[in-house]
Amino acid sequence: MKIRAALFLMIMFVFPPIVGAEEASLRSELIRGINLISNGDIARGEKVFASIEDREPTNPAPYIYRAMALMSYPPREGVNEIDRALIEGLLERGIECALGGKWENEKGRVNLLLATAYSLVAQLSLDHKEYLKAAAAALRAEDYLKEAERISPDDPDVRYGVGLVSYGMAEMPPFARSVLSILHIPGDKEQGIEDLKTAAEKGVYTKTSARIALLMIMANIENRYPEAVFYGRELTDEFPNNPELYFPYANALSETGDHEGARTVATALGEKIDDGQPYFDGAIVPRYHHLMGKLLMDEGQYEEAAVELSKALVVRDKNYAWVQPLALARLGMIEDLSRRREKAVGFYRRAIDTHVEGAGIELAEKYLAQPYRSGGGK
């Protein structure tokens with residue numbers, strides 16, 4: 001996973017809103033499925049949506065959400081391969097139902113659902129490097145999103161979709177920009193963040209997704225760590241079985257100077273790994289050691305940090321290959337702090353030689369040009 005690139009794909013396409021003329025009980029069930037997925041129980045979340053399909057075969061929402069669930073499994077080498085045919089079939093059925101003409105009083109939200117469906121089609125196509133298909137689907141998503149905003153500009157779930165795209169277009173990684181530059185939605189980071197905050201406070205179906213997006217944005221991109229801590233605390237309390245929440249939260253705590261709090265979060269993460277809880281598995285062990293190394297670096301315990309970062313170099317799942325150059329770059333940063341420039345350069349060159357794009361190579365190139373000094377960057 002390339003940290004910045006993968007983050008934007010996740011933000012733009014993996015946290016879709018859901019719509020339709022649901023009764024209160026159905027709405028509650030749909031939200032339960034969303035929250036199960038957010039808590040790492042993807043299989044049960046998918047079953048919730050499948051059961052709704054059986055009872056409500058003309059409602060587009062469960063088809064789109066079940067497709068989203070199937071695309072939400074964390075990457076693991078050799079397991080959880082995406083059933084593309086099933087996902088595409090679900091999206092096609094959801095789109096067909098949404099266009100069925102029975103949603104006159106829900107046009108704004110149905111347009112948002114259609115935007116979600118086509119965003120997922122775009123994501124699936126990007127994953128398979130089918131760039132023309134991805135671009136065509138992204139254009140359809142844009143059209144439906146704009147129509148949803150025109151009809152329901154103050155709907156917090158609509159603000160969520162608009163906010164994601166607005167922020168994403170402003171901060172999009174280069175490879176995605178080359179595919180999605182055909183979109184005509186102007187990028188505005190601050191307005192995008194404000195829209196996401198509206199959804200995080202008032203959203204019906206997007207409240208959780210908006211908070212997760214804000215945690216990732218504030219911790220990994222904007223470096224607004226106090227805000228990241230706020231969302232991280234809420235989310236880890238509410239969804240303790242989602243490993244993806246622990247990493248940005250612990251790092252944000254450390255960046256604010258709350259080293260004890262950061263250690264507490266990292267310890268909880270390590271205990272779940274030791275217990276073998278779902279998705280707290282061997283694939284993320286190098287990532288855990290990198291986190292521990294980063295926290296120890298922030299505390300000034302450089303020797304202990306180097307031990308943890310050296311453990312992070314052993315990566316057995318190709319989906320986490322990006323951890324190795326990031327750990328190498330941080331080892332170089334430690335050598336720079338210890339005034340051992342020659343050794344630092346060696347680590348930076350090793351990071352660059354991995355050719356695994358992402359934050360690791362970015363840091364290595366930055367500090368190869370100019371030695372790292374405490375407080376000089378991430």
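These are my notebook entries on a predicted model of one protein chain.

**Entry 1: confidence**

I began with the pLDDT values. The average over the protein chain is 87, and 87% of the residues score at least 70. I then looked up the weak part: the pLDDT is below 50 over residues 1-21. In the model this stretch still has 77 contacts beyond near neighbours in sequence. Where pLDDT is low, the predicted coordinates should not be read in detail. I therefore leave the contacts of residues 1-21 unread.

**Entry 2: the chain as a whole**

I looked up the secondary structure next and found 19 helices and zero strands in the protein chain. The chain has 378 residues, and 56% of them are buried. Its exposed area is about 16,300 Å², of which carbon and sulfur atoms supply 50%. I also checked contacts between residues at least 6 apart in sequence; 64% of these join residues at least 24 apart.

**Entry 3: nonpolar cores**

How many residues does the largest nonpolar core have? I find 68. The residues with the most contacts inside this core are Leu214, Leu235, Leu269, Leu291, Met333 and Tyr348. Apart from this core lies another, of 47 residues, and I noted Leu26, Ile34, Trp103 and Leu114 among them.

I went back to Leu214 for its partners. Setting aside neighbours within four places in sequence, Leu214 is in contact with Ile193, Leu196, Lys197, Ala200 and Tyr231.

**Entry 4: one face of H16**

I listed the buried residues of helix H16, which spans residues 302-311: they are Ala305, Glu308 and Leu309. Viewed down the axis of H16, these buried residues fall within an arc of 100 degrees, so they line one face of the helix. The general rule is that an α-helix has 3.6 residues a turn, so residues three or four places apart point the same way. What do the buried residues of H16 pack against? I find helix H15 (285-299) and helix H17 (323-337).

**Entry 5: Ser125 and Glu130**

Ser125 is in helix H6, residues 107-127. Is it buried or exposed? Ser125 has a relative accessibility of 1%, so I log it as buried, the cut-off being under 20%. Not counting residues up to four places away in sequence, Ser125 touches Arg84, Glu130, Lys133 and Ala134.

I followed one of these partners, Glu130. Glu130 sits in the loop between H6 and helix H7 (131-151). Its relative accessible area is 28%, and I log Glu130 as partly exposed. Outside its neighbours within four places in sequence, Glu130 contacts Arg84 and Ser125. Arg84 therefore appears in my contact lists for Ser125 and for Glu130, contact being heavy atoms within 4.5 Å.

**Entry 6: aromatic pairs**

I count seven aromatic pairs in the structure. I looked up Phe49 and Tyr65, a tilted pair at 5.3 Å centre to centre, with 55 degrees between the planes. Phe49 lies in helix H3 (residues 42-55) and Tyr65 in helix H4 (residues 60-70), so this pair ties together parts 16 residues apart in sequence. I find Phe49 and Tyr65 buried.

Tyr118 and Tyr144 form a stacked pair, 5.9 Å centre to centre with 10 degrees between the planes. The pair links distant parts of the chain, Tyr118 being in helix H6 and Tyr144 in helix H7, 26 residues apart. Both residues, Tyr118 and Tyr144, are buried.

Last, I noted a cluster in which ring pairs link Tyr348, Tyr367 and Tyr372. Tyr348 was already on my list for the largest nonpolar core.

Key. Residues are numbered from 1 along each chain as its sequence is written. This is a predicted model: local features need pLDDT of at least 70, side-chain atom pairs count only at pLDDT 80 or more; totals for chains, interfaces and linings use all residues. Side-chain values use heavy atoms; hydrogens and water are left out. Buried means under 20% relative accessible area, exposed over 50%, partly exposed in between (1.4 Å probe, protein chains only). Helices (H or I, at least four residues) and strands (E, at least two) are DSSP runs, numbered from the N terminus. The arc is that of the directions from the helix axis to the C-beta atoms. A nonpolar core is a set of buried Ala, Val, Leu, Ile, Met, Phe, Trp, Tyr and Cys residues joined through side-chain atoms within 4.5 Å. Accessible areas come from the Shrake-Rupley method with a 1.4 Å probe; for residues, only the protein chains shown count as cover. pLDDT is the predictor's confidence in each residue, from 0 to 100. Rings of Phe, Tyr and Trp (its six-membered ring) pair if their centres lie within 6.5 Å; planes under 30 degrees apart count as stacked, over 60 as edge-to-face and the rest as tilted.
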